[in-house]
Amino acid sequence: KKQKLKDAVRYPWQPNDVIWDLKKIRFYSIFTFFAGVVAGLIGIGGGMVLGPLMLVLGIHPRVSTATTAAMIVLTSSSVAVMFV
């Protein structure tokens, strides 16, 4: 719905903006679920798995890197709180 509103007011889309549709939402949701399971089993951060996925989706590398870094900070801080 937000996308239609932005189109109605001629929102200036950037070249690397992701236009979400049901197919992309479904794919991303399923992939992130399995990425979380695999990351938990192997013991790596989910950001290491999801970073390349965001690049495949066409998200700008700077945005992908910042999002991955934020995920790693949240994961590591929650683990640190559990052990304190």
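**Exercise 1.** State what secondary structure the protein has and in which order its elements run.

*Solution.* Step 1: in this predicted model, the protein has four helices and zero strands. Step 2: read from the N terminus, the order of elements is α-α-α-α.

**Exercise 2.** Decide whether the protein is more spread out than a compact globule or not, using its radius of gyration.

*Solution.* Step 1: for 84 residues the globule rule gives 12 Å. Step 2: the radius of gyration is 16 Å, well over that value, so the protein is more spread out than a compact globule. Step 3: turn to the C-alpha trace, which spans about 50 × 20 × 20 Å along the principal axes. Step 4: add the burial, taking buried as under 20% relative accessible area; buried residues are 14% of the 84. Step 5: of the contacts between residues at least 6 apart in sequence, 30% join residues at least 24 apart.

**Exercise 3.** Compare the reach of helix α2 with its expected span, and describe the residue that follows.

*Solution.* Step 1: α2 covers residues 22-42, which is 21 residues. Step 2: at 1.5 Å a residue, 30 Å is expected. Step 3: from first to last C-alpha the helix reaches 30 Å, close to expectation. Step 4: Gly43 follows α2 and has a positive phi, near 95°.

**Exercise 4.** Characterise the largest pocket by volume and lining.

*Solution.* Step 1: its volume is about 200 Å³. Step 2: the lining includes Lys2, Gln3 and Lys6, Trp13 through to Trp20 in part (among them Asn16, Asp17 and Ile19), and also Ile59 and His60. Step 3: sorted by class, the lining has five nonpolar, four polar and three charged residues.

Key: Residues numbered from 1 in each chain as written. Predicted model: local features only at pLDDT ≥ 70, side-chain atom pairs only at ≥ 80, totals over all residues. Heavy atoms only, no water. Helix = DSSP H or I, 4+ residues; strand = E, 2+ residues; numbered from the N terminus. Expected span 1.5 Å × (residues − 1). 1 Å grid on protein atoms, 1.4 Å probe; cavity = no way out; pocket = protein on both sides within 12 Å on 5 of 7 lines; lining within 4 Å. Points joined across faces, edges and corners; volume = space filled by probe spheres on them. Nonpolar A, V, L, I, M, F, W, Y, C, P; charged D, E, K, R; others polar. Rg over C-alpha atoms; globule rule 2.2 N^0.38 Å. Buried < 20%, exposed > 50% of the residue type's maximum accessible area, 1.4 Å probe, protein only. Contact = heavy atoms within 4.5 Å.
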